[in-house]
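Got your viewer open? Here is a short tour, with something to select at each stop.

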Amino acid sequence: MKILILGGTGEAIDLANGLHERSHQVITSLAGRTRHPHKPKGRMRTGGFGGVEGLADYLTREKIDYLVDATHPFAEEMSAHAVAASAEMQVPLLRLERPPFVEPDLAQWWRVDSVEAAAERLPHGATVLLTIGRQQLQPFVARGHARFIVRSIEPVEMDLPRNFEQITARPPFSREDELSLMKRRGVTHMVVKDAGGEQTSAKLEAAFMLKVQVVMIARPPLPEAETVNSVGDALAHFDQFPASKRFFFLP
Ligand code: NAP
C-alpha cells in the first residue's frame, strides 16, 4: 500500500519505520517547524499542503491508498484537514493518538481549556516552567507578575520580556533532569499540554515529587475518525492489508 503519514511526533517515525519494514510505500509529511527533525525510513516531504484542497490534490497526485494522522494531539488544524480530505477523496484515514497523561492520585492538577486560561490561573510571584512549545507564549507575556522559564526544541522567535528565561532542549527528559531543573530554578508552577506519551511524562513525576502545581491544558476536540492509541495497534491495523506487490523471477 502507499501510505501518507502526517507526522511531527515520535510515534509517526516509529510507524513509518514499521510500515517500511513491512514493505509498504511510506511518505512522512512534516510541517517544517523543526530545523533538524529525526528522519524516518521511506520518503519524506516538508511544508503545508495548502489547506484541505491541497491535501486532497496531494492524495490524488501521489495515488495514496491510506492516510494516517499521526500528528501531535494539539495539531488541531491538520487533523481536521485530514478528516475532510479523506472524506472528499474517499481515501481511508487512521488517526494515531497517544493516550492523555494520567493524573496521579493526590496530584490535584488544575485543568484548563486553553493557553489563555492557563495564563490567567497563575498567581502573583509564581515561577513557572512553560512546556507548551514556543508558538503560544503571548498570553503569558502579559503576566508581568510571574517569572517564566520557557523550554522548547527550537529557539523562541518573538522578543521576550525580562521576566522570561529560555531553554532549548529536545525530549526525552529523565526524571532526574527534570527534578534538577525544577529545584535549580525554584519552579512553583508548570504549564503542560495534555499531550500524553512517555517522552515527556518525567516532568509530571518530578512536579509531583516537588509539589509543583501542574496547570494541565486539555486537548482540543477533533472531528471523529477511526483511532488507535499506539504504534503497535496501528501496525496491527495495517497487517490486515497486503503490502505492495513484489515480483519474483524464477530461473
Ligand atoms: P496545526 O496548527 O494543526 O497546522 C497548521 C498548518 O500547518 C496545517 O494547516 C498545515 O498547513 C501545516 N501542517 C501541520 N502539520 C503538518 C504536517 N505533518 N505535514 C504538512 N503540513 C502540516 O499544526 P501545529 O500545531 O502548528 O503543528 C505543526 C506540526 O508540529 C505538526 O506536524 C505537529 O504534529 C507538530 N507538533 C505540534 C505540537 C503542538 O503543540 N501543536 C507539538 C509537537 C509537535 P496546510 O493547511 O498548508 O496544509
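## Stop one: a buried ring and its partner

Bear in mind throughout that this is a predicted model. Start by selecting tyrosine 58: with 6% relative accessibility, it counts as buried. Now add phenylalanine 49, and you have an aromatic pair in edge-to-face geometry, with 5.3 Å centre to centre and 65° between the planes. The angle is over 60°, so the pair earns the edge-to-face label. Phenylalanine 49 is buried too, because its relative accessibility of 15% falls under the 20% limit.

## Stop two: across the chain

Next, show tyrosine 66 together with phenylalanine 241. These two rings make a tilted pair, 5.5 Å centre to centre with 45° between the planes. Colour by sequence position here, as the pair links distant parts of the chain: tyrosine 66 is in strand S4 (residues 66-69), while phenylalanine 241 is in the segment after helix H8 (231-239), 175 residues apart. Are the two partners buried or exposed? Tyrosine 66, at 5% relative accessibility, is buried, whereas phenylalanine 241, at 25%, is partly exposed. Add Phe238 to the selection as well: Tyr66, Phe238 and Phe241 form one aromatic cluster. If you want to hunt for others, a search of the whole structure turns up six aromatic pairs.

## Stop three: charges over rings

Switch to arginines. Select arginine 121 and tryptophan 110: the charged end of arginine 121 sits over the tryptophan 110 ring, 4.4 Å from its centre. Then jump to arginine 151, which lies over the face of phenylalanine 173, with 3.9 Å to the ring centre.

## Stop four: the ligand

Finally, centre on the ligand and bring up its shell. How many residues surround the ligand? There are 22, and the closest are Gly7, Ser29, Arg33, Phe49 and Lys193. So phenylalanine 49, from stop one, turns up again: a backbone N or O atom of phenylalanine 49 lies 2.7 Å from a ligand oxygen atom. For glycine 7, a backbone N or O atom is 2.8 Å from an oxygen atom of the ligand, and for alanine 75 that distance is 3.3 Å. Draw a surface if you like: the protein covers 77% of the 810 Å² of accessible area that the ligand has on its own.

Strand S2 (25-30) and helix H3 (76-89) each supply at least two shell residues. H3 gives the largest share, four residues. Colour the shell by class and you should find seven nonpolar, ten polar and five charged residues.

How values were computed
Residues numbered from 1 in each chain as written. Predicted model: local features only at pLDDT ≥ 70, side-chain atom pairs only at ≥ 80, totals over all residues. Heavy atoms only, no water. Phe/Tyr/Trp six-rings, centres within 6.5 Å; stacked < 30°, edge-to-face > 60°. Buried < 20%, exposed > 50% of the residue type's maximum accessible area, 1.4 Å probe, protein only. Lys NZ or Arg CZ within 6 Å of the ring centre and 35° of its normal. Near = heavy atom within 4 Å. Polar contact = N/O pair within 3.5 Å; in protein donor to acceptor, adjacent residues only side chain to side chain. Areas by Shrake-Rupley, 256 points an atom, 1.4 Å probe, with all protein chains shown as cover. Nonpolar A, V, L, I, M, F, W, Y, C, P; charged D, E, K, R; others polar.
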